[in-house]
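Dear colleague,

Please find below the structure that I am handing over to you. A short account of the findings follows it.

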Amino acid sequence: MMESPSYSSSSSEFGSVATADQNAAQSVRSGGASEAATTLEQSRGWHDVFWLGVFVIHLIALGFLMGVLGLNRFKIENRLNIDKHTSRISGNKAGLTETYWPLYAAAGGVGTVLGLSWLLLLGFQATHMMKFSVHILTTYLAVISVLCFWAEQFFWGVAFAIGAALQFLYVIAVIDRLPFTMLVLQKAVKMVWNLPEVMRVAHAFTLLVLLWMALWSFGAAGVVASSMDHGGRWWLLVALSVSLFWTGAVLCNTVHVIVSGMVFHVLFHGGREAASVPVNSLLKSIQYALTTSLGSICYGSLFTAAIRTLRWKIRGFRSKIGNNECLLCCVDFLFHLVETLVRFFNKYAYVQIAVYGKSFNHSARDAWELFQSTGVEALVAYDCSGAVLLMGTVFGGLITGTCSGVWAWIKWRDRALMIGSTSMLMGMVLVGLAMVVVESAVTSIYICYAEDPLLIQRWDAEFFNQMSETLHQRLQHRSARSREVLTHNRPSDHI
């Protein structure tokens with residue numbers, strides 16, 4: 001393994017910036033930690049307030065709409081006489097809200113059990129659980145595809161088959177990155193399991209999500225039971241699902257900010273038992289996440305998930321294209337477009353928000369510039385921990401959707417896909433809330449490593465050496481590829 005001096009010499013650019021960061025961090029730790037914390041507290045202000053207002057108004061409006069939709073068919077058909085406003089799109093045998101609500105209750109229960117079980121099993125068998133989530137997702141998507149074809153749902157059968165094929169190709173593309181990814185995830189799980197207070201935060205937010213889902217599913221059950229035709233109910237459920245996705249993402253990223261702040265403090269001060277760790281650091285993280293930083297969380301939650309997923313897929317396929325210059329040109333165009341978006345929308349922004357209280361775009365830009373200036377971006381790009389955790393989230397959602405969908409298929413075949421797909425989203429939110437605890441630790445580790453590698457060395461010297469060696473290899477790989485491209489594009493001697 002490589003020691004710190006040899007690692008610093010591996011890249012002059014990284015070494016110079018890292019040395020400067022180390023000196024600054026050492027000066028703060030040596031006598032100014034409390035003063036720096038006080039300064040940060042005083043400099044915190046409200047950011048992205050517009051998006052906070054939009055989110056709150058959206059919650060109030062949606063909560064009212066859900067209550068109306070559910071009550072309209074609760075025990076009495078058309079209690080609020082809404083059907084007269086939907087007479088143009090009527091064409092379905094109406095039902096009652098309480099007929100379908102238990103299926104969503106089952107989905108909430110299954111999703112909660114899966115999320116908590118997944119988090120518990122990660123503490124004991126992290127490597128096996130991650131390998132399981134990587135390989136089982138492709139198989140399960142294929143099985144769901146076959147079931148959809150058997151049920152004569154050809155559109156969904158083709159959709160799940162394409163999903164299984166893309167998942168298989170992605171795993172093949174990144175198979176060589178999985179050992180390092182598993183190492184990072186193991187260390188992240190080790191970190192969060194040594195902080196039981198952050199686990200309690202995740203459990204509290206799970207209860208909050210369940211309370212919101214109770215209202216959301218009440219309205220969704222009312223939509224399923226309504227007299228609107230098939231297309232009208234689907235469009236309304238899609239709109240409600242987008243709202244649930246944004247709300248779930250906001251709650252998950254709030255946990256992300258809270259856990260990131262706590263993990264950063266632990267690494268910065270040299271362990272949770274260090275005397276310099278503020279006694280109320282967790283309460284401060286919760287306070288900031290729910291007040292001054294909530295607008296930034298609402299803003300980032302709209303875009304980060306979709307951009308991250310697209311980036312993972314493009315990176316995986318780009319590395320396996322080979323010498324097909326036409327295809328490579330098209331993929332490179334998409335890649336650079338997504339990379340530009342990543343500069344302003346990335347998950348590492350939440351660590352900057354937790355620690356420094358910046359706006360979302362400012363945090364995302366600073367985090368990305370920090371990675372690029374230190375060379376750690378090569379390590380971040382090589383790591384697939386976010387994609388692996390997403391696979392576990394999707395798998396949990398599929399299990400939840402299957403349970404509710406099969407139950408609905410037995411009783412009401414025409415409503416099975418509606419209930420199954422919306423239940424799948426509920427499961428993904430609940431399982432994702434458990435996964436984000438680990439992801440928060442991963443992002444904090446990379447930010448700490450970029451700001452001051454000695455923070456990681458003091459926490460786990462062996463892990464620091466492994467990260468340093470991998471970074472050195474990735475920088476050498478990039479340098480070799482750059483030379484290869486320059487050599488390939490150089491005009492021939494005779495020309």
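**Aromatic rings and cysteines**

F180 counts as buried, at 7% relative accessibility. Please keep in mind that the model is a predicted one.

F180 forms an aromatic pair with Y382; the ring centres are 6.0 Å apart and the planes meet at 40°, which makes the pair tilted. This pair links distant parts of the chain, since F180 lies in helix α7 (residues 178-193) and Y382 in helix α16 (residues 377-382), 202 residues apart. Y382 is also buried, with a relative accessible area of 13%.

Across the whole structure, a search finds 24 aromatic pairs. In one of them, F132 and F395 have ring centres 5.8 Å apart and planes at 85°, so this pair is edge-to-face. Here too, distant parts of the chain are linked: F132 belongs to helix α5 (residues 126-150) and F395 to helix α17 (residues 385-411), with the two positions 263 residues apart. F132 is partly exposed at 38% relative accessibility, whereas F395 is buried at 8%.

Ring pairs also join F50, W51, Y299, Y350 and F360 into a cluster. A charged side chain is found at another ring: K190 lies over the face of W459, at 5.6 Å from the ring centre.

How many disulfides does the structure contain? The count is 0, on the rule that the two cysteine sulfur atoms must lie within 2.5 Å. As for individual cysteines, C252 is buried, with a relative accessible area of 11%, and C298 is buried at 0% relative accessibility.

With kind regards

Terms used: Residues numbered from 1 in each chain as written. Predicted model: local features only at pLDDT ≥ 70, side-chain atom pairs only at ≥ 80, totals over all residues. Heavy atoms only, no water. Buried < 20%, exposed > 50% of the residue type's maximum accessible area, 1.4 Å probe, protein only. Phe/Tyr/Trp six-rings, centres within 6.5 Å; stacked < 30°, edge-to-face > 60°. Helix = DSSP H or I, 4+ residues; strand = E, 2+ residues; numbered from the N terminus. Lys NZ or Arg CZ within 6 Å of the ring centre and 35° of its normal.
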